[in-house]
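User: I have just opened this one and would like to go through its pockets. Can we start with the runner-up and then move on?
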Amino acid sequence: MEAQKRIMVLCGGKFAFNTLQLLAYERFICAIGIGKSNNTIIDALERESEDNNFGFKSFPSKKSMEEMRNWIDAIKPDYIFCISFPFLLPESVLSYGNDKFINFHPAPLPQYRGVMPIFEVLKNQEKETAICAHYMNEKFDQGNIIFNDPVRIQENDTYGKLTVRLSARMAQVALNMANMLQFASNIPNHPQDESLAYYYEKPELTDTYINWKRMYATEIIALINACNPWNSGADATLMDEQVKIIVATLLDEPHQEKPGTIISINNTINVACEDNKQIAIEILSTDEGIMTANQYALLKPLVANPISN
């Protein structure tokens, strides 16, 4: 019987925990490397690695990547899996072995290249996303695709909900990949279609800001869900105050007001949108703190005041 393949996992933190646990249980993992992350996560992974006799190394900066090749050479893994690892692997590392580096990207490729594709698929109101397994090269998210494993986006999915579900699914996809490598000498793959490719930069304020005059109600709800919880909600102006809208739903009721006007507050803050619909805000964050619509109403006497962008 062929010896169990030894897999090193390079990760960026909590999103990879389910995968690490499952691959460790199935005795595939030989080492864990973590990129820039918080100390709590780094310490937890280091303890787990020591308890299980895994190799462990932290790569807190791009400069520290210079140490990676020597570390890999010392451990001699059969394959290296990457899950949300924050740094590009240089050619000096990738030359360890052709087709030995496999990245697991939490969105379909090549359409959703970039560092935060979960935000982008939700903002763009996609009905489906994917976990893409692909070989790695010296460019982000551009190596040959092994497969895109589809994941349905559920109604009212937030960034947090979808991330948790993708993390759980990622573990099974990575285990399936490990089993394929264990029993198959050649893994089918194909180049990415560059005509479909798009790279999304990390979101900035312009990407998370609600423009009442230009966005339809469904777009606004999608943006709010895409910003919860990583951005603590979508940025907006409400009654001349900068706020973050954390939870809101679509209110399919017509109005005669300018987009951005508060129509009413009755358990929810109902705001006029461009397409003659409203959104019903349930939870928001203000300078006074995170609060419900009712708490906001007590602090802010209702004034039907158009919000300018």
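Analyst: The second largest pocket holds about 470 Å³ of space. A pocket is an open set of points on a 1 Å grid over the protein atoms alone, where a 1.4 Å probe fits, with protein on both sides within 12 Å along at least five of seven lines. The volume is the space filled by probe spheres set on the points, which are joined across faces, edges and corners. This is a predicted model: local features need pLDDT of at least 70 and side-chain atom pairs pLDDT 80 or more, while totals for chains, interfaces and linings use all residues. Residues are numbered from 1 along each chain as its sequence is written, and side-chain values use heavy atoms, without hydrogens and water.

User: Which residues are closest to the centre of the second largest pocket?

Analyst: Q125, K127, E155, N156 and N225, out of 17 that line this pocket; a lining residue has an atom within 4 Å of a point.

User: Which element gives the largest share of that lining?

Analyst: Helix 8 does, with four residues. Helices here are DSSP runs of H or I with at least four residues, strands are E runs of at least two, and both are numbered from the N terminus.

User: OK, now the largest pocket. How much space lies in it?

Analyst: About 1300 Å³. Its lining has 45 residues, and G12, S84, F85, P86 and V115 lie nearest the centre.

User: What supplies the largest share there?

Analyst: Helix 6, with five residues. Among the other elements giving at least two are helix 1 (17-25) and strand 7 (128-135).
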